[in-house]
Amino acid sequence: MSSFPRRHLLQIEGMERPEIDAVLDLAESYVLLNRTGKTPRDLLRGRTLINLFFEDSTRTRTSFELAGKRLGADVLNMSVSTSSVNKGETLLDTAATLNAMHCDLLVVRHDQSGAPHLLAQKVEASVVNAGDGTHEHPTQALLDALTIRRRRGRVEGLSVAICGDVMHSRVARSNIHLLLTMGARVRVVGPPTLLPAEIERLGVEVFHDMAAGLAGVDVVMMLRLQRERMARGLVPSAREFFRFYGLDQAKLAAAAPDALVMHPGPMNRGVEIASDVADDPIRSVIREQVEMGVAVRMAVLDRLTRAALANA
Ligand code: NCD
């Protein structure tokens with residue numbers, strides 16, 4: 001329990017393997033508790049968790065809400081469309097307001113990379129990054145690792161292909177850091193326009209062709225085409241993208257016969273993934289990822305709360 005000393009969870013980069021293992025081990029126990037409905041509702045009793053989402057979200061926000069509630073916290077959801085941010089309030093004024101309310105855990109999603117880091121310097125609460133711009137989405141990478149580990153028994157030594165719009169994906173960045181730290185081999189596969197320049201410097205192998213990129217891999221991780229973050233002209237058309245980079249059964253055949261198919265959601269069916277692959281009962285673990293999301297977020301809230309108590 002000693003290996004999660006941090007006050008905030010802002011990024012995977014810089015996290016060491018024992019710390020990641022500790023979160024995954026704890027999350028594993030929450031999977032079982034969630035399935036039996038026996039979660040420890042007193043752990044966060046009397047604590048307040050605020051979900052502060054400046055960008056849309058379905059599964060991340062709801063799973064943080066469920067995670068907080070299952071541990072007994074009071075959970076408030078603030079979405080920007082109904083908050084004073086729309087009236088021109090700065091991020092720091094919002095932070096000061098939330099601080100005055102003495103919240104314990106602040107879960108933040110923001111379209112600017114680094115926004116949660118800034119908030120973490122200004123509030124007393126523990127801050128969890130729920131996705132900042134194109135930078136990181138640490139709990140997504142943790143839940144992906146938990147999903148892989150439960151299916152394969154390990155992450156080390158596996159070969160993982162992260163495919164599609166890597167350029168705009170905080171999910172990809174967090175996963176690259178986590179998977180490499182855990183000893184997996186990572187490939188990125190996509191058109192040159194959607195792969196960041198010099199991404200190989202992170203220690204990944206780069207492919208522009210799905211057949212070559214998927215050859216023999218143990219895990220195929222698809223990413224959403226994030227048009228809302230795109231300048232024009234990076235992708236000719238959705239149909240063209242699907243033809244070359246969309247995961248269908250024919251392209252999946254290049255991967256290992258038991259390769260797992262993952263997607264963080266939300267999916268664009270027929271753009272980056274074919275419906276029959278997304279719904280493939282044997283290969284696709286997309287729904288399991290959602291279940292693991294709740295368990296991982298419970299583990300993170302648990303660790304941060306215990307760390308805050310120990311340092312109080
Ligand atoms: C991702 C995100 O918001 O970064 N979604 C998620 O949290 N599951 C990926 C995406 O939006 O495509």
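**Group meeting: the ligand site and some local geometry**

Let me begin with one contact, in which a nitrogen atom of the ligand lies 3.0 Å from a polar backbone atom of Gly-265, where a polar contact is a pair of N or O atoms within 3.5 Å. Taken alone, the ligand exposes 320 Å², of which the protein buries 95%, with accessible areas from the Shrake-Rupley method and a 1.4 Å probe.

Before going on, I should say that this is a predicted model, in which local features need pLDDT of at least 70, side-chain atom pairs count only at pLDDT 80 or more, and totals for chains, interfaces and linings use all residues. Residues are numbered from 1 along each chain as its sequence is written, and side-chain values use heavy atoms, with hydrogens and water left out.

Two side chains also reach the ligand: Arg-224 places a polar side-chain atom 2.7 Å from a ligand oxygen atom, and Gln-140 has a side-chain N or O atom 3.3 Å from a ligand nitrogen atom. The residues around the ligand, meaning those with a heavy atom within 4 Å of it, include Thr-60, Arg-109, His-137, Arg-170 and Val-171.

Gly-265 returns in the backbone, since the peptide bond from Gly-265 to Pro-266 is cis, with omega near -10°, and Pro-266 is itself among the residues around the ligand. Pro-266 lies in the loop between strand E9 (260–262) and helix H10 (275–278), these elements being DSSP runs numbered from the N terminus, with at least four residues (H or I) for a helix and at least two (E) for a strand.

Another backbone feature is His-102, which has a positive phi of about 55° although it is not a glycine, and which sits in the loop between helix H3 (91–100) and strand E3 (105–110). For context, most residues other than glycine have a negative phi, and most peptide bonds are trans.

Finally, Phe-241 and Tyr-245 both belong to helix H8 (residues 238–245), 4 residues apart, about one turn of the helix.

Technical notes
Polar contact = N/O pair within 3.5 Å; in protein donor to acceptor, adjacent residues only side chain to side chain.
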